[in-house]
Amino acid sequence: MHILFAGGGTAGHINPALAVADYIKEKHPDAKISYIGTSDRLEARLVPEKNYDFYSIKVQGLKRSLSPSGIVHNIKTVAYAVSSSVRVRKLLRQLKPDVVVGTGGYVSGPVLSEAAKLGIKTAIHEQNAYPGVTNKMLSSKVDRVMLAMAEAEERMKLKNKPILTGNPVRKELTEISKAEAKAKLGFDNRPVILSFGGSLGARKINEAAVELIKKFNGEKSFYHIHGTGKSGYSDVMNALSDIKLDDTVRVSEYISDMDICMAAADLVICRAGAITLSELAVCRKPSILIPSPFVAENHQYHNAMTLKNAGVAEVIEEKDLTGELLISTVEKLLFDKEKLDFMSKNADKIAIDDANERIYNIIMNLIN
């Protein structure tokens with residue numbers, strides 16, 4: 001059995017593929033897993049770390065700009081598209097996979113298109129409520145379309161009825177209870193806020209978090225764990241240098257024990273990436289979501305509204321975010337246990353705990 005994955009550019013495209021690949025290997029240790037990505041993006045590092053065979057092609061997206069540099073870029077894009085299709089065709093004939101699974105990003109376009117032309121079984125997985133350009137293009141060509149969020153269906157032209165699978169999430173996130181997690185962190189039963197803006201950080205979230213920390217510092221009414229991201233740590237610590245932080249406040253560049261911190265949290269403040277939101281739902285965590293305005297087609301806003309409409313989250317757009325607004329939203333939620341419990345129960349209604357198993361079954365059905 002040979003499964004070939006294609007996807008890349010961001011962790012949101014790569015990690016679901018690797019999670020499913022790991023799940024398949026658990027069930028079928030002899031299964032062969034291969035991966036096609038680009039040589040200069042994150043997948044070129046993450047896939048070999050998992051010891052899966054990695055093959056690269058050169059692709060890039062089109063630019064809408066008609067400037068001289070934009071035109072040159074688009075000419076290269078077309079040239080790469082032709083050369084990548086030729087290389088993919090050769091790879092597919094060489095590798096002879098039983099099924100090809102795409103998880104998004106430009107790189108999955110030529111791989112899934114060529115696989116479909118060659119009569120190889122194909123499937124794509126869309127992580128977002130608003131589908132990416134590549135998956136929208138592929139949705140009418142592949143054998144199976146898997147969705148993490150049902151809202152994506154209305155934005156795709158489909159060859160077959162899609163299947164709701166959810167997003168694969170790290171199993172360690174659900175292996176510890178809130179009480180156990182708080183004990184590991186040395187916390188008592190006071191509420192816990194977990195806030196972060198991603199591995200690189202988010203300046204506006206950091207600035208608002210500083211105001212939140214300053215507002216409540218000294219009251220010790222809750223614990224606050226904040227991850228600044230790589231680019232924000234020095235700015236945050238400089239902004240907090242005029243106060244002596246309570247022992248209930250923990251600020252770090254990177255949250256290395258995210259599974260424990262997520263389990264301990266009563267309220268999470270974060271971006272609205274697809275995988276993060278699936279983790280919040282699976283962990284039944286109420287949240288304040290601040291979608292990144294810098295992602296393609298405003299994906300994170302649509303993702304966040306899915307949770308808001310389900311009664312699981314409050315949404316603050318970055319253009320509206322201030323310390324004052326974040327403080328008032330936290331005050332409205334954190335000290336209202338009935339409200340938090342209600343949001344957690346709503347999360348229970350939308351959480352998909354068995355995404356790996358659902359995706360695995362679809363892949364197996366295509367092979368058999």
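**Close-up 1. N51 in the loop between helix 2 and strand 3****.** In this predicted model, N51 has a relative accessible area of 68% and is therefore classed as exposed, the cut-off being over 50%. The loop that holds N51 follows helix 2 (43-49) and leads to strand 3 (53-56). N51 is not a glycine, yet its phi is positive, at about 65 degrees. Most residues other than glycine have a negative phi.

**Close-up 2. K96 in the loop between helix 3 and strand 4****.** K96 is found between helix 3 (68-95) and strand 4. Its phi is likewise positive, at about 50 degrees, although K96 is not a glycine. With a relative accessible area of 61%, K96 is exposed.

**Close-up 3. Strand 4 beside strand 5****.** Strand 4 (residues 99-102) and strand 5 run parallel and are joined by four bridges. Within this pairing, V99 stands opposite K121 of strand 5. Between the two strands the chain passes through helix 4 (residues 108-117), giving a β-α-β crossover that is right-handed. Strand 5 spans residues 121-126 and is mostly covered, since five of its six residues are buried, that is, under 20% relative accessible area. In a regular strand, the side chains alternate between the two faces of the sheet.

**Close-up 4. Strand 5 beside strand 6****.** Strand 5 also pairs with strand 6 (residues 144-147), in the parallel sense and over four bridges. A123 stands opposite R144, which belongs to strand 6. The chain reaches strand 6 from strand 5 by way of helix 5 (residues 133-138), and this β-α-β crossover is right-handed. Strand 5 thus has pairings with strand 4 and with strand 6.

**Close-up 5. The surroundings of E180 in helix 6****.** E180 belongs to helix 6, which covers residues 178-185. What lies 2.9 Å from a polar atom of the E180 side chain? The atom in question is the backbone nitrogen of S177. The C-alpha atom of E180 is also separated by 7.9 Å from that of A264, a residue 84 positions away along the chain. E180 is partly exposed because its relative accessible area of 46% falls between the 20% and 50% cut-offs.

Terms used
Residues are numbered from 1 along each chain as its sequence is written. This is a predicted model: local features need pLDDT of at least 70, side-chain atom pairs count only at pLDDT 80 or more; totals for chains, interfaces and linings use all residues. Side-chain values use heavy atoms; hydrogens and water are left out. Buried means under 20% relative accessible area, exposed over 50%, partly exposed in between (1.4 Å probe, protein chains only). A polar contact is a pair of N or O atoms within 3.5 Å; within protein, one must be able to donate a hydrogen and the other to accept it, and residues adjacent in sequence count only if both atoms are side-chain atoms. Two strands pair if DSSP finds at least two bridges between them. A crossover is right-handed if, with the strands pointing away from the viewer, the path from the first strand over the helix to the second runs clockwise.
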